[in-house]
Each structure stands twice: as C-alpha cells, then as structure tokens.
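Take a look at the model below. We will go from the whole chain to one sheet, then to one helix.

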Amino acid sequence: MRHLLSAADLDRTQITEIFDLAEEMSLVQGRPVKKLPALRGRTVVNLFFEDSTRTRSSFEIAGKWLSADVINISAKGSSVSKGESLRDTVLTVAAMGVDALVIRHHASGAPWQASRWIDAHVLNAGDGTHEHPTQALLDSFTIRRHLRRSAPDLLSFEGKTVAIVGDITHSRVARSNVLLLNTLGAQVVLVAPPTLLPAGIDSWPVLACSDFDEVLPHADIVMMLRVQRERMSGGYFPTPREYTIGYGLTRPRLEAMKPEAAICHPGPMNRGLEISADAADAANSLILDQVAAGVSVRMSVLYELLGGAE
Amino acid sequence: MTDLLIRGADLVGEGRSDLAIRNGRFVDPADVAVDVEQLDADGLLALPGLVDLHTHLREPGREDAETVQSGTLAGARGGFTAVLAMANTTPVTDTAEAAQHVATLGTRDGHAQVVPVGAVSKGLDGAELAELGLMARSGARVRVFSDDGHCISDARLMRRALEYVRAFDGVVAQHAQDPQLAPVSACCHEGEISGKLGLPGWPAAAEASVVARDVHIAELTCSRLHVCHVSCAETVDVIRWAKQRNINVTAEVAPHHLMLTTTEVLSYDPTYKVNPPLRPNEHVQAVREALADGTIDAVATDHAPHARHDKEHAFAEAAFGMLGLETALAVTMEAMISSGLLDWPQLAKRMSIMPAHIARLADQGRPLAVGEPANLVLVDPAARRVVDRDDSASLSRNNPWHGRELPDPVVATIWAGRVTYRKEH
C-alpha cells in the first residue's frame, strides 16, 4: 500500500489484514512497556492544517509505540492568507526526509494533491468534508469486535444494518464509513433532515431516510454524528431542540433499539443534542472502545504503509 | 505600412478569392503593386478577426500573471484582433481615468485592439454605480459594463445600471451567480460529484435564477443585457424564452463549457477550477445546442491567467479560472464544426461578428470586403496538435487543454493590416 487516501482504496482482504494486525497491536496496549521496534528509524510527520487533538494524539501515540520518530507540525489557517502555497508547505516538509506524512486539512482533496507532489507515503487524517479513512477503519474494527462477541468467526458485515445519523453533507466520517462498510458488506442507512443529505446521494450505495424512528428498530449499529456549531446557525434546521427531537439518540429511542444493537459516535459528543447522556454511557455504547481502537488501528495502518520491505 | 496580398483563401468558407491590404484596409487586388509581399493561403480559410468579449489581462495589478502585451499576443496567436479587458484589475476599471489607462496600454503594447470593460459598481462592491457615463465619454469609449467575478445581486442596482447605460447604448454584462445559492466558497457543480468529493456545491439554479430576474429587469427598463459565461441548460431555457419575447438579451459561452465536464474535478486538480464551474455532460450538450441555434450569441474565452502559486493551493482555496485565448478557436471547432452543429459562416458570426456588435466595435467583425478594416485570421481547418502549456505567449500556465489533441487552426492573424501572428513552419 503506497498511500491511504480513501476508504475506497481498501478491499475486503486488506481491511481484514489491517484489523487482524490491529488486534495484535492492541495487545501492546495492555503491556507495561508499550513499545515495538517495528518502525525504528522511520520518520512520521503529522502535518495538521486544522486543529484536532484526538486524531493527532492517536497518530502520535501509534507512531511512538512502533518506535517511529513522530513530529507534529501545525500549519493552521488558510495557506492563501499565509502566502505559502499548499505545494510549498508539503514540499518543504517532505524535503526534510520524512517517510510518511499524516495530513489533516480543512479543504477536501488536499492529501490527494500532496500525494502527487512528493515521494513519501501520504495518510489522510481527514480532509475537509470529504474523507477520514482511519476513523472509518477504527469504527468498523470496533463494530467487528462487538459483533464477534456473539459470532467469533465473523469476517464480513453481510446482513447487518448500520444507521449513520446526522449531518451527512459535511461529514468526512460518513463518507469514509459508507465506502468501508459497503466493502465489508453492511447495509448502510443514512438518516438526516433533507438539508443535511448531500447532492447526488441517489448514486451512493446506501439507503437514505429522513425518519429516524422508521430506521431505528432495524439497525444493528447506530452511529451518531456530531452536529457542528456552524450548522446550527446555518439554517440547516430550525432549532437545536427540533433537531434533538427529530434526530437525537434520546432515552425513548434507546428503548426502541434492537436489544443487541450498539451505539457509536466518532466524538467529540454534544451531549444533549445528538446524543443523550443515557445513550452515550449505555452498556451497549462502543464510544470509548472506538477511542481505544483508534491507536491500534493506526499502528496497524502505519505498519502496513511503512513496515514492509522497500 | 506595406501592402500585403493574400492569395487564394476561402473567404469564410464561401469561395476562394485574393485579398489585398493597404493602409490597414482591404483594397482591390488589382490595385496593389506586382512586387507586393504575398501570403499563400491555398487551402486556408479566411475569417474576420476574432473578438473576445471576456478577457482578463491582469494589467494593471498582476503583471506577474499577464500583461496587456502578453495577453494580446496570446490573443493574436489564437486569431483574435480585439479583446475586451475585464474590469477586475488593481485598481479596478471604475473611472474614466482607469479606462483610459487600459486603452493607452493597449495602444502602446497591444497585439490586438484592447477595449476596456467598465465596472458597473465602484470597486466591484455591488453597492453604488461607478461613473458609467464618464467611462463611456472617455477616449476609451466604454460600452460594455460588468462586475465580472461578482454578481450584481442587488436588483435595484441592476435596474439602475440597465436604465443608465441606455443613454449611450451601453450593455450590462452580468456574472450570474446568486451569492446565497452559490457563495464564494462554491467551487464544484452541485450534484453527484460535489457530494462525493465533499466540495461546496454551485447549483445551476444559482445562475438561472439571476438570469431569470435580469431578463425581466431588462424588459422593464428596455435596456440591453448580456449574460456572461452561460454554463447550464436551465439558463439556456430562460434566455430562449426571453428572446422569443423580444427582450434585448445576448449571451456568451466559454470554450471550456463547450467541452469539459465536472468529471475533470475528480482529480482535485485546481487547473479545472473555474467560475462558473464545469458542468455535467447534459449541460455541455445544452450550451452547444444553444450556441448552434443562436440562443447563445457568442463564444467568449473568460481567459483568466493565474500565477502558478495561486493555483497550487487546496482545490477549495485555489484561484478560479483557466487560460482560453490561444485555444478558443480550436476548442470551438472541435465542439461545433466537427460535430456539424455550426458551419464556418456561423462560427465567424459567433466569434467575431456578434461579439463586435454586442460591444459596438465599429472596426471589428466586418465583412472581408474592399474598403473594410483588414482584420482577419487565416485558418487551416485540418491541422492538429497536442497542446503544450509551455508553448504559449501567456505569462501563466493554467491551461486545461495541456496534453490534449486539438485542432491547430491559426496560421496568421492580421489586425488593422498588420500581421500580429504568423505560424512558424
């Protein structure tokens, strides 16, 4: 694997490989000395054009546990206003001799452009409103672990329904999850008011619906998306109250779920808006498992990109 | 000025004839000296010099991206003998002095006639009228007014501008983009691809709704409206309706909208970032048909040079626009002549006669006949080439046709009797 730009870059075999390796990596997390020598001497730069404490920390820990040298570079703000082009920033960092660039950017497509300019591996850590493939990987990894509790040999998500609820239009998490879950065989149902369903959704391999209560009893996994502050003032829905009543995972909705169904949220949560405290802290909530899985999955991905013989 | 005799050109596809030029005008071939300089045009077509209603020359202000000299030379290489220079320079062309300055640069450095377009509003800010009358009365004789790059979204300002320019037979050229439906961040046709790529959508309705409003205001004010760079089928329908109603509206289409589709954006290559955006194929077919049936009157390049570093940002942050002058005729031939949608006289009408008429340029878009100004382009209809962005007179390289095979039509361009470009063999 040269780059990881899109969740669509991975077929089912590759995903399974990443997950199986992530299971092994996760064993490291339980040890008192959490260090593997796998990437000793390799340099990974987290090039973040947008703030993100959790994704950056997760990549940083993953790299460090694999013994890579990890450097964080924050290039916040528009490159246009700074007067340095994206190309110059990327070439400058690459010229320092890095092996992999983990790029987070506020504009869609930036990691694709970067991958054409440099030789280093590029890992997309979230680009604009486009994709966030490692988030989708850790989500599906968490879901696989959950499903394996009752079906230990489970390899695909055939026959399972995943409802993704919230601002689909502006969500990179949703786009990557749709692609990855589809590869794994799940039926994805997107739930949002029509103002937050993207143009052209008819061509996506999903069902789309604006009635959460119709979908909820059929879902094996309910994935709630964060409502960004700017959407609340953007006129996409009348009031936060109306949003919560229509699309929040409230206590009554918790009771309408299948008994074995589980809850995901990529974080950070707006408790009381898209997810109630009862749901966030419920026994079937996988939210903290997702965070823990983030490190092992990113270790696995970094190893896939950098660990092989070159 | 020396005499010139062009031998055997097919005049606008309607028969072969010799053309003699003296002192900038066509004269009877029998009247030129026997030892006159000759240009063998056997197998070539002669068209009236092309006129571009929509050029960004960038001077004054961004001479690193283009100058009057480089831009008009690119024009000459593309067969143009006149270009209308858009007002979004620094400073903005919103006064008589600024317009006169551009005209003077044209006279000094131009390889084609340079006609300034005046801003409709002061500083292009869409609030107050610029000094339209003074620009019209200046030596630059401005007739086309546009806030291009910005939509005149205030209906009252649009009404006043249309009313006011009637006094001097002016025309308001609208960049139709409802800023609520397609804000400045909008950079991809709203549809399947914008949804997939997560790029802010630019829906067709943002163009068509403004044009629908403006044709009604043009009717109300009995004035002359021109619609810049029509990009979608919905707008074509509105203009067709308005013309049937005898509303005084004209329209242009950019070459790239005749050929390129939204799929180019899948690569996130900012070379294909343009405003209005590339549209899906059904829109490309609709604007082609509209250009063929005359609903769209003219091809206009929207030649928009940008320094490389202004294009090397993330797609959403890169500058809008692409080069067009050197390839406009080739692209129009490929889209319209090869497909049989236009013949040569019709193409000459859309690339020379109509744009000259819309801009009220007395010496352009004229017949190739004795007594007329000698503005023409000699065209080889069969030659083809692979476009190389470095083979260009423009100072910029944001050429969306790089690496594509297209016709290579322009053999020579003659402006006011002077050879401004001649292809090397």
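Helices here are DSSP runs of H or I with at least four residues, strands are runs of E with at least two, and both are numbered from the N terminus. By that count, chain B has 11 helices and 20 strands. Keep in mind that this is a predicted model.

Start with the overall form. The C-alpha atoms of chain B fill a box of roughly 65 × 45 × 45 Å along the principal axes. For 425 residues, a compact globule would have a radius of gyration near 22 Å; chain B has 20 Å, so the two agree. Of these 425 residues, 61% count as buried. Contacts also reach far along the sequence. Among those in chain B between residues at least 6 apart, 75% join residues at least 24 apart.

Now find the open sheet of chain B. Five strands form it, in the order 9-10-13-14-15, with parallel pairing. Strand 9 (144–146) and strand 15 (298–299) are the edges, each pairing on one side only. Further in, three bridges join strand 10 (residues 171–174) to strand 13 (residues 225–227). One bridge pairs Gln174(B) with Val227(B) of strand 13.

Next comes helix 6 of chain B, residues 204–221. Its 18 residues span 26 Å from first C-alpha to last, close to the 26 Å expected. Many of its residues are buried, including Val210(B), Val211(B), Asp214(B), Val215(B) and Ala218(B). An α-helix has 3.6 residues a turn, so residues three or four places apart point the same way. What do the buried residues of helix 6 of chain B pack against? Their partners include strand 10, strand 13 and strand 14 (249–253), along with helix 4 (155–165) and helix 7 (233–244). Just after helix 6, Cys222(B) takes a positive phi of about 50 degrees.

Notes. Residues are numbered from 1 along each chain as its sequence is written. Chains are lettered from A and ligands numbered from 1 in the order in which they are written. This is a predicted model: local features need pLDDT of at least 70, side-chain atom pairs count only at pLDDT 80 or more; totals for chains, interfaces and linings use all residues. Two strands pair if DSSP finds at least two bridges between them. The radius of gyration is taken over C-alpha atoms; the globule rule is 2.2 Å times the number of residues to the power 0.38. A residue is buried if 20 or more other C-beta atoms lie within 10 Å of its own, exposed if 12 or fewer, and partly exposed in between; C-beta atoms are placed from the backbone. Two residues are in contact if their C-beta atoms, placed from the backbone, lie within 7 Å. The expected span of a helix is 1.5 Å times one less than its number of residues.
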